[in-house]
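Subject: Handing over the structure

Dear colleague,

I am passing the structure on to you with this email, and below it you will find my notes on what turned up when I went through it. Please keep both open side by side as you read.

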Amino acid sequence: MKPVKLQDIIDEMEVQMDEYHTYLNTETGEIIAFSSEELGIAEESEEDDDFSNYPEWQRDSINDALDVLINWDSDKYIELPDKWDINEYSIMEAFCGSVRNDRIINLLFSAIKGRGAFRRFKDAVHRYSLEDSWYEFRYEALKKLAVEWCEENGIPYI
């Protein structure tokens, strides 16, 4: 199995979106991503489909999705952690508890309660000039998850 750059996994984890699927090709170390729409097209395709009625950039993604489907039962592709595995809210909550000022801790914990928590949290981080601390904390949390994911899946990383 080819080693994967840990930074590549972290970069993908930072931009997780609904309706997107991200996989590591264990043979090449390449990370591929495609949308649920492209996956649906691949699922409905037949062996001789050339996908020429789609733009070139989308054909590549459809072919990636098709290759994942064809190799579903093999170890060729492993899905990267998705937004549910990452749990951004838990990372925010842990960051709130890591702040050393009790008044700011209380304000941050209040910000993450209820509807609109992500927006209020980002506003509070900005208001108290904690952006650098937040992004470093978040990066380290994602790095830890990426290392755990690699180790759980027996993937060598650099």
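Let me begin with one residue in a loop: at 34% relative accessibility, N87 counts as partly exposed, because that category lies between the buried residues, under 20%, and the exposed ones, over 50%. N87 sits in the loop between α4 (83–86) and α5. If you follow the chain for 15 residues from N87 you reach D102, and the C-alpha atoms of these two residues are separated by 24 Å. Please bear in mind throughout that this is a predicted model.

The sheet

The model has an open sheet formed by 3 strands, in the order β2-β1-β3, with antiparallel pairing. Its edge strands are β2 (31–35) and β3 (77–79), each of which pairs on one side only, and from one strand to the next the twist averages 35 degrees. As general background, the strands of a sheet pair through backbone hydrogen bonds, and they may do so in a parallel or an antiparallel way.

On one side, β1 (residues 20–25) is joined to β3 by 3 bridges, while on the other side 5 bridges join β1 to β2. A good residue to look for is L24, since L24 stands opposite I31 in β2 and also has I78 as its bridge partner in β3. Y23 offers another example, with E79 as its bridge partner in β3.

How far is β1 enclosed by the rest of the structure? Of its 6 residues, 5 are buried, so β1 is largely enclosed. The hairpin of β1 and β2 has 5 residues between the strands, and there G29 takes a positive phi near 80 degrees.

Helix α3 (residues 56–70) lies across β1, β2 and β3, and runs at about 105 degrees to β2. One residue found in this helix is Q58, which counts as buried because its relative accessibility is 7%. Setting aside the neighbours within four places in sequence, Q58 is in contact with E37 and E38.

The nonpolar cores

In soluble globular proteins, nonpolar side chains tend to be buried together. The largest nonpolar core here has 33 residues, and the members that touch the most others are I9, F95, L108, F121 and W149. At least two residues of this core come from each of α1 (6–14), α5 (88–98), α6 (102–111), α7 (117–127) and α8 (131–152), and α8 gives the most, with 7 residues. Apart from this core lies another one, of 11 residues, which includes L39, A42, F51 and Y77.

Which residues does F121 touch, once its neighbours within four places in sequence are left aside? The contacts of F121 are M92, F95, C96, L108, A111, I112 and W134.

The pair α6 and α7

The axes of α6 and α7 come within 8 Å and cross at roughly 155 degrees. Angles over 145 degrees count as roughly antiparallel, and the two helices are therefore roughly antiparallel to each other. From α6 the contact is made by L108, S110 and A111, and from α7 by A117, R120, F121, A124 and V125. Sorted by class, the contact of α6 with α7 has 6 nonpolar, 1 polar and 1 charged residues.

Two residues with positive phi

Most residues other than glycine have a negative phi, and with that in mind I would like to point out two places in the loops. The phi of E19 is near 70 degrees, a positive value in a residue other than glycine. E19 lies in the loop between α1 and β1 and is exposed, with a relative accessible area of 55%. S129, which is not a glycine either, has a positive phi of about 55 degrees. The place of S129 is the loop between α7 and α8, and S129 counts as exposed because its relative accessibility is 60%.

With best wishes

Methods: Residues are numbered from 1 along each chain as its sequence is written. Side-chain values use heavy atoms; hydrogens and water are left out. Two strands pair if DSSP finds at least two bridges between them. Helices (H or I, at least four residues) and strands (E, at least two) are DSSP runs, numbered from the N terminus. Axes are lines fitted to C-alpha atoms, for helices over the stretch in contact, and angles run from 0 to 180 degrees between N-to-C directions. Contact means heavy atoms within 4.5 Å. A nonpolar core is a set of buried Ala, Val, Leu, Ile, Met, Phe, Trp, Tyr and Cys residues joined through side-chain atoms within 4.5 Å. Buried means under 20% relative accessible area, exposed over 50%, partly exposed in between (1.4 Å probe, protein chains only). Angles under 35 degrees count as roughly parallel, over 145 as roughly antiparallel, 65 to 115 as roughly perpendicular and the rest as oblique. Ala, Val, Leu, Ile, Met, Phe, Trp, Tyr, Cys and Pro count as nonpolar, Asp, Glu, Lys and Arg as charged, and the others, Gly among them, as polar.
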